[in-house]
Amino acid sequence: MRFEHSILAAADQERVHDESLRILAEVGLRFHGTLALPLLEAAGAQVDRETGVARIPRSLVEQALAIVPKTFTLGARNPLYDFALPSPVTRYAMDGTATFVLDTATGERRYGTRRDITEALRVFQEVDLGVMAWPPVTASDAPAHSRILHEFLTMAAATSKHGQHEVHSPEQVPYLAAALSVLAGGDDELRQRHSYSVIYCPVAPLTHDGPMLDAYLALGSLDIPVMVMPMPVTGTTGPARLFGNVCVANAESLSALVVFQLSHPGRPMIYSSATGTMDFHSGAFLGGTPEMGLMTAALTTMGRFYGLPSTAAGCTSDAHEPGPEAVIDKLLTTLPPVAAGADIVIGIGEIESDQTLVLEQILVDAEIARLCERIADGIDTSPGAELHDDIAEVGPGGNFLAQKSTRAATRSREFVRPGLMERLSHDAWRQLGRPSMYDRARERVAEILARPQVDPLPQATRDALDEILTAADRDLA
Amino acid sequence: MTAELFTAMRQSIVDGEAGAAGDLARQALATGVSPLDAIERGYVPGLTAVGEAFSAGDMFLPDMMLAARAMKAAVEILEPALKASGGQRQIAGRVVIGTIKGDIHEIGKNMVAMMLASAGFEIHDLGVDVPAERFAEKAAEVDADIVGVSALLTTTMAGQRNVVQAIVAAGLRSRVKIIVGGAPATQGWADEIGADGYSEDGVASVALARQLLGISA
């Protein structure tokens with residue numbers, strides 16, 4: 001049976017739901033922007049125009065939950081990578097929008113660029129459990145007013161897997177819509193294939209950004225899926241108990257669900273979260289803690305509670321450099337949401353609380369993902385798995401080396417074969433110069449980047465996208 | 001009696017009890033204790049004790065925040081009497097602080113503001129989504145020593161440069177120090193835009209502000 005574990009008992013799931021409804025109805029959420037409040041007010045929410053706070057009744061949540069799709073497929077530019085939601089197994093997404101990259105050549109941290117997005121996503125393309133790309137760094141070399149579009153389209157060119165990103169203002173929407181239509185081969189195909197989605201983070205606690213929300217609502221006409229990722233942090237932007245913080249995150253998710261469904265009923269949505277904890281001394285955000293793993297697992301369960309595609313941030317770390325601390329953090333923040341049955345864990349390739357991209361970390365994280373996959377697969381207890389006949393044949397004192405079942409095991413999924421962790425003898429390892437897992441990852445990154453790109457965009461498509469970007473650079477300035 | 005009152009005032013700050021701090025301030029006024037004495041001999045030693053415990057790792061950021069809130073409650077009650085008596089509380093410096101236009105993230109900015117307030121700086125918080133020119137206007141209005149600009153996003157971070165330019169345009173650059181912060185900011189960025197400093201968190205911002213104003217801790 002699969003290794004599954006719910007952090008929240010059924011009664012606790014009901015408590016999270018009830019408390020979230022109470023927050024929505026009694027405390028309310030502040031909505032900046034022009035579109036959300038009129039929608040909410042017309043639907044029966046109690047809106048204070050002066051403060052921008054809307055108190056949302058239970059009925060609106062129930063209506064939204066009734067009409068939001070429970071299943072859909074995240075398309076990909078190459079249909080080979082289409083990913084149906086919900087998924088019986090956990091898959092992975094690139095972490096996104098870090099500020100910095102650890103420069104491969106110098107080993108120093110610097111601001112990210114479009115080239116870093118390209119290189120990282122070319123590596124991510126080869127991560128077999130990776131299904132969803134996200135520009136891993138912001139492109140400091142692109143103009144600020146159109147940067148998000150450069151990042152989006154750099155991603156689309158670098159990988160043929162499903163891509164998600166943000167958009168920051170309604171003015172950017174026409175350019176993004178035009179570009180996504182070019183990539184999909186038309187608006188109808190874009191609506192149908194869902195090859196690109198947007199990730200939406202409410203501003204904790206209980207606040208929605210104006211321009212960003214307005215932009216995301218505008219993209220509803222193209223049926224662009226929205227992943228809602230609340231990020232309350234215990235003690236700073238969220239209450240200082242894990243359970244309370246889970247409730248705030250869930251309330252923020254439900255509030256977004258209501259607004260997006262009021263605007264475009266039936267628009268595909270993905271439940272997610274990226275909660276964190278506070279460093280009690282500095283106040284800094286921590287995303288690689290056991291408490292974070294527990295909260296995202298609980299929220300994964302809440303996504304399932306609502307029957308929604310359910311994903312979670314994970315594989316995250318607060319370490320300042322690649323190495324053991326990063327691996328420990330990442331394991332602790334991956335396994336809980338995997339055990340809770342997350343469709344996608346989002347966080348491959350970064351350290352420093354999602355602020356620094358490290359190319360070789362992408363492959364180290366892929367290794368962590370593979371090992372967690374093995375744990376999640378559990379123990380096959382199907383009839384015959386006890387191998388009684390072999391036990392009887394070998395008998396006391398023999399060995400199982402020459403059994404056909406042992407030979408079959410070498411080729412089965414039951415025993416994971418690591419990709420980066422070599423199981424060499426001590427002497428063999430020394431003779432190779434004592435390579436670490438990260439050394440091997442660096443070599444493989446170099447190999448991947450030396451090969452021709454997989455699924456490059458046709459030149460005509462690239463030209464069309466470049467034209468759109470040129471117009472955006474000019475018009476949005 | 002006054003010594004006991006001062007001890008209680010100190011304790012109210014250490015405990016972070018704004019209600020108690022306020023009650024004691026009213027008691028001081030009712031019994032004729034000088035408001036300046038109440039602040040400097042009663043409450044400030046409490047802040048000092050909290051700061052020392054924080055530095056030693058025995059207290060944490062929420063302790064500092066609660067202490068600062070209690071201090072604020074006491075000062076608000078004492079301030080009118082202090083002004084009426086012609087007295088003036090010693091402040092480390094005046095700071096105008098805000099989150100840059102286009103950005104509504106404020107937790108980091110709030111932490112810096114509270115830490116600076118705890119360290120004796122007078123804070124003028126402009127809130128979030130603040131245009132660059134507003135920083136300059138407020139700095140001129142309150143005769144600020146420091147302007148602090150926060151940004152969480154790499155796209156809005158560019159606005160920190162605009163604040164530097166606005167301060168220059170307002171003719172304030174020679175007397176105002178400019179500090180920047182937020183997840184994407186670095187010392188290199190501060191140098192590039194001509195700011196005077198950068199700090200990674202609220203704790204470091206106190207040392208930075210003191211250093212810029214030539215104040216020993």
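Which residue stands opposite I179(B) in β4(B)? To find out, open this predicted model and begin with the strands of chain B.

**Stop 1: strand β4 of chain B**

Select residues 177-181 of chain B, which form strand β4. Five of the five residues are buried, so the strand is largely enclosed by the rest of the structure. Burial here means that 20 or more other C-beta atoms lie within 10 Å of the residue's own. Both faces of β4(B) are covered. On one side, display K177(B), I179(B) and G181(B); on the other, display I178(B) and V180(B).

**Stop 2: the neighbours of β4(B)**

Add residues 146-150 of chain B, strand β3, which runs parallel to β4(B) and is joined to it by five bridges. The residue opposite I179(B) is G148(B). Next, select helix α7, residues 154-169 of chain B: together with β3(B) and β4(B), this helix makes a right-handed β-α-β unit.

Then add strand β5, residues 197-198 of chain B, whose pairing with β4(B) is parallel and comprises two bridges. Within this pairing, V180(B) faces Y198(B) of β5(B). To trace the connection, select helix α8, residues 187-193 of chain B; the chain passes through this helix on its way from β4(B) to β5(B), in a right-handed β-α-β crossover.

**Stop 3: strands β1 and β2 of chain B**

Select residues 93-99 (β1) and residues 121-125 (β2) of chain B, two strands that pair in the parallel sense over five bridges. For a specific pair, label R94(B) and its bridge partner in β2(B), E122(B). Helix α5, residues 107-118 of chain B, joins β1(B) and β2(B) in making a right-handed β-α-β unit.

**Stop 4: helix α4 of chain B**

Finally, select residues 61-84 of chain B, the 24 residues of helix α4. From first C-alpha to last, the helix reaches 34 Å, close to the 34 Å expected at 1.5 Å a residue. Centre the view on L78(B), where α4(B) bends by about 40°. A proline, P80(B), follows within four residues.

Now colour the buried residues of the helix, among them L61(B), M64(B), A67(B), M71(B), I77(B) and L78(B). To see what covers the buried residues of α4(B), display α1 (2-15), α2 (18-30), α3 (35-55) and α5 of chain B, which are included in that cover. End the tour just after α4(B), at G86(B), which takes a positive phi of about 80°.

Key:
Residues numbered from 1 in each chain as written. Chains lettered and ligands numbered in written order. Predicted model: local features only at pLDDT ≥ 70, side-chain atom pairs only at ≥ 80, totals over all residues. Buried ≥ 20, exposed ≤ 12 C-beta atoms within 10 Å, placed from the backbone. Pairing = 2+ DSSP bridges. Right-handed = clockwise from strand over helix to strand, strands pointing away. Expected span 1.5 Å × (residues − 1). Bend = angle between axes of the 7 residues up to and from the residue. Contact = placed C-beta atoms within 7 Å.
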